[in-house]
Amino acid sequence: MKTNNSARAELGAPMAEFDPSWIERRAGGRRSRTTRRSPHGSAGPLGGGRRSEGRALVGFLGLAWLTLTLSGAPLDAFNVVWDSPSRDHHGSMPLGNGDIALNAWMTGDGDLQFYIGKTDAWDDNARLLKVGKVRIRFAPNPVAVGKGFRQELKLNESCLEITTGGADASGRSAIQNPRATLRIWVDANHPVIHVTAESATPLEAVAFVELWRTNQYEAEIQVSDVLLNRKQADQKQAPMIVEPDTLLTGQRDRVGWFHHNVKSIGPRMMAEIQGLTGLQQTDPLLHRTFGAVVTAERGERLDDRRLRSPAGTSHRFSIYVLTRHSATPESWLAAMDETIRRVETQPFDVRRAAHGDWWRAFWNRSWIRASAGTNAGPSTASIVPVNHHLVRIGLDQDGGNQFVGELGRVSIFRHALSESEIRLLSNSDRKPLATRPEMIFSGKSPGPVPQSAGWSFAPGLTLEAWVKPERLTSGGARLVDKITPGGSDGFLLDTHPGNSLRFICGQRILQREAALPAGQWTHVVAVADTEAGGCRLYVNGALVADDSGAPVRDEAAYVSQMYHLQRFITACAGRGAYPIKFNGSLFTVPPGPTEQDPDYRRWGPGYWWQNTRLPYISLCTSGDFDLQQPLFRMYAGELLPLCRYRTQRYFGHAGAYYPECIMFWGPVFSESYGWTPFEEREDKLQESGWHKWEWVSGLELAWMMLDYYDHTLDREFLQQHTLPLAREVLTFFDEHYPVNAQGRLVMHPSQALETWWHCTNAMPELAGCIAVTERLLALPAQLLPAPEREFCQRFHAKLPPIPLREVEGKQTLAPAEFFADKRNIENPELYPVFPFRLFAFNRPNAVWALAALEHRWDRGHSGWRQDDLFMAYLGLTDAARQAVVSRARSYDRNERFPAFWGPNYDWTPDQDHGGVLMKAFQSMLLQTDGRKIFLLPAWPKEWDVEFKLHAPQQTIVEGVYRDGSMQSLRVTPEARRADVTLVSE
């Protein structure tokens, strides 16, 4: 948007420019969404190709048929390659330098487009915005039909490369089909995005600045937005008004824009309501300014939105991105000018080489390159969960949601039927089917199916039915049910909502609105296809919904690729000013077919600790210590004074507690705390019961910081950050709760995560107190001062024992000593397994944890669910394998990129899903306990692997495992080899 204020024509502002090097110096409940068919084209022969007309297509190369040669397997094997341009923003690839990140895609009309995200682009409503969007149009179109196309995400150099034209199999020569190569990358060491183009014949290139915040508008309020107030009729305290961006005017040979926070919504208001005004804080939003400037070699400014690079065989655009807080527009532009000048004093080739060096060093830190061994058997990783419920026809497990109408027949098959078989069934009569192989039921009578509780569906599942419903209520009715009501531990086929069709299989949901007209016979089929890794839904023989992909022949190699892609995504957004947002990181795109709201993010701008930690839990093992710093800096550095102040203000005692849900500067979400001012309350805590007494955050943070110290042996970090944080957190529990007659701490009221709301001695906090104090007491005497050691000994002595319950005659871990009022689907009873590792395959009383896993209330391995981690820690190889393979295959079929997970409970790309994938895969291969290093604790013997991972005491473990035995092993330093145990041998 142009400004009429001439003083703002040459604009500019303060926040230190992104400098990733400082980190290297230091480091020496939620709902899911119905899926749709992928709108994108095939990736070519290795991507599986087209299976049948109307089916979803694989959008990537090198996954389904991926086979690795372990001996020196190159990172290039994990690159993502597409052989066709993308239709829209749902076909983007991720790029980034840790602070600035892109969603980039190429369309068939010759446009390279990318959204720009930045870790500190907070607007005046505390929303994390996209900085903006740039489109570069090439003419003549290098992507015209028949020219050939290849797009590759090159992980080793963090570069997206597109090649078109050149000699091809059709016999056209390079002269007839001129070649062009486009590259885009975000400099690992500077705040700049580069786009280059080289072509055999001249091209013209024009960069367009595309803004959508061009006028004030009211945005939709999400859960953690500061103005959400559910007590109001419209659920908002006030409208959330988004301010426009400003185009730079009067620029010479460049274009640009910025967003300047002219107001601040939230910080002062929340401090006043929550009783935090006594702690002085700089307003984190007011006058924050962020934006970008686009330059080009030989660039010609056409107007305030367009920059032209004249026709030629070589082009280079540079997009500089900068945030300053606080700043005027003028000072922001001055800082931008200085940044451009400083960066461009270094030759481009030197910067390009340094960028490549950073990424090659990153990838050399660690890897896990697995593939199926020569003796590998067929996949057993069914996508159909197993439970002990009977299959019920026409009603749910509680006898509700009864079908109203006529059932012609319902049939169940123990495999995925083909489309030709489905068409035959849709053209058949409505009578129950005669017995046939793999069919385990065909009938029409409502009620439970005898002897169906033990049914399992390893190859897959097909449900088919003829139905003639009446007009149904909005809740719909069951057709087939084998699932806990409200859960995800089985499958169901029903008509929700009303006369629609819905298939739930574990975490997967497919739906077709208004598919079942009242009073008409309709043939329906639901398929869960283990080989294709997804589900399909048919109405009258026609495919209406599909989230499956191509068959995966090598599960180990597939999981390896997904592991490395997630590590790449974490690195692209993990070195900035603030921690990674679990609900999309910096890689969100507009949720629908249009680009109406690129800033949309379900659940909003807030940080939930239980979600935020999950992208970070694998980083010590991968050696990515620099990527952990934003998390520690915000939580343990910037927020600790506020947490101490809030504890004293609310409770009148020392220590610090960390609420589960906070804004990046510390207050609790408005809707969680409530809108009644602090001074008018008797109960000073938040009103919301979802995490009112959920205080495990500080304990987990201390545990992770101790992990960091154990791996790096950074004494400065231990003394200045870890020990002060741990002392404050433990002091909170020590002073907050009373002791009983036996001198044992009584944690009441407490709650076990968001799941059990009324508890005494909730397991997560109790396990955390035990684990953290034991770990502190294990430190050498010179590292833990005597007063601190005495405190830890005294506090540990008064902690009650781990709570247990009895199930079917077995002792099992319990969510709490007393627990009631279940509201969510977490498994707090397993927190002493992960994260706190009080119980594991090598630890005493592991049978208690195994029983707890067996009898857990809720099951799942997608999103923030952690079953795969529990299984790996407890040495359950087959179960962990099945879970991690299923997780690796569960990406958002609306998105083309195979590691854009979600939306699951949160939003795409779901960083919790990928974070758990990384940690589970690592834990199958390597676990540590104090000085002990365990190799292959849950690793399938039929998976070969070459790996390099990090362990405590600055230890690196490298090895090759092949054909069921360790072929080579190197431990650095060599003295640590004596601490290594090969569990499988």
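Reader: Where is A571 found, and is it buried or exposed?
Author: In this predicted model, A571 is found in helix α6, which covers residues 555–573. With a relative accessibility of 0%, A571 counts as buried.

Reader: What is A571 in contact with, if I leave aside its neighbours within four places in sequence?
Author: Apart from those neighbours, A571 is in contact with N97, G98, W359, F362 and L627. There is also a spatial relation to D624, whose C-alpha is 8.4 Å from that of A571, although the two residues are 53 apart in sequence.

Reader: W359 and F362 make me curious about helix α4, so which of its residues are buried?
Author: The buried residues of α4 are F348, R351, R352, H355, G356, W358, W359, F362, W363 and R365. W359 and F362 are thus on that list, and both of them are also contacts of A571.

Reader: And what span should α4 have, given its number of residues?
Author: Helix α4 has 18 residues, 348–365, and at 1.5 Å a residue they should span 26 Å; the C-alpha atoms at its ends are 26 Å apart, so the expected and computed values agree.

Reader: Changing topic to rings, how many aromatic pairs does the count come to?
Author: The count comes to 53 aromatic pairs. One of them joins F632 and F717, whose ring centres are 5.4 Å apart with the planes at 45°, so this pair is tilted.

Reader: Which parts of the chain does the pair of F632 and F717 tie together?
Author: F632 lies in helix α8 (residues 629–638) and F717 lies in helix α12 (residues 715–736), so the pair ties together parts that are 85 residues apart in sequence. Both F632 and F717 are buried.

Reader: Which residues do ring pairs link into a cluster?
Author: The cluster holds Y650, F651, Y657, Y673, F678, W695, F732, F733 and Y737, linked by ring pairs. One of its members, Y673, also has a charged partner, since R681 lies over the face of Y673 at 3.8 Å from the ring centre. Elsewhere, R369 lies over the face of W367, at 4.3 Å from the ring centre.

Reader: What about cysteines, how many disulfides does the structure hold?
Author: The structure holds 0 disulfides. In the case of C792, the closest cysteine sulfur is that of C769, and it is 11 Å away, which is too far for a bond. C792 counts as buried at 2% relative accessibility, and C620 is buried as well, with a relative accessible area of 5%.

Reader: On to strands, which ones pair with β9, and in what sense?
Author: Strand β5 (residues 128–139) is joined to β9 (residues 192–210) by 7 bridges, and the two run antiparallel; within this pairing, I136 has A207 as its bridge partner. Strand β8 (residues 180–186) also runs antiparallel to β9, again with 7 bridges, and there I184 stands opposite V195. Strand β16 (residues 306–324) pairs with β9 in the antiparallel sense over 12 bridges, where A205 has S309 as its bridge partner.

Reader: How many residues lie between β8 and β9?
Author: There are 5 residues between them, and the two strands form a hairpin.

Reader: How many residues of β39 are buried, and which way do they point?
Author: Strand β39 (residues 943–951) is mostly covered, with 9 of its 9 residues buried. W943, V945, F947, L949 and A951 point one way, while D944, E946, K948 and H950 point the other way.

Reader: Which strands does β39 pair with?
Author: Strand β17 (residues 367–372) pairs with β39 in the antiparallel sense over 6 bridges, and A370 has V945 as its bridge partner there. Strand β40 (residues 955–962) pairs with β39 in the antiparallel sense over 7 bridges, with E946 standing opposite V960. In the hairpin of β39 and β40, 3 residues lie between the strands, and Q953 takes a positive phi near 70°.

Reader: Last one, is D868 buried or exposed, and which helix does it lie in?
Author: D868 lies in helix α16, residues 867–873, and is buried, with a relative accessible area of 1%. Leaving aside neighbours within four places in sequence, D868 is in contact with H861, A880, A883, V884, R887, V916 and A920.

Key:
Residues are numbered from 1 along each chain as its sequence is written. This is a predicted model: local features need pLDDT of at least 70, side-chain atom pairs count only at pLDDT 80 or more; totals for chains, interfaces and linings use all residues. Side-chain values use heavy atoms; hydrogens and water are left out. Rings of Phe, Tyr and Trp (its six-membered ring) pair if their centres lie within 6.5 Å; planes under 30 degrees apart count as stacked, over 60 as edge-to-face and the rest as tilted. Helices (H or I, at least four residues) and strands (E, at least two) are DSSP runs, numbered from the N terminus. Buried means under 20% relative accessible area, exposed over 50%, partly exposed in between (1.4 Å probe, protein chains only). A charge sits over a ring if NZ of Lys or CZ of Arg is within 6 Å of the ring centre and within 35 degrees of the ring normal. A disulfide is a pair of cysteine sulfur atoms within 2.5 Å. The expected span of a helix is 1.5 Å times one less than its number of residues. Contact means heavy atoms within 4.5 Å. Two strands pair if DSSP finds at least two bridges between them.
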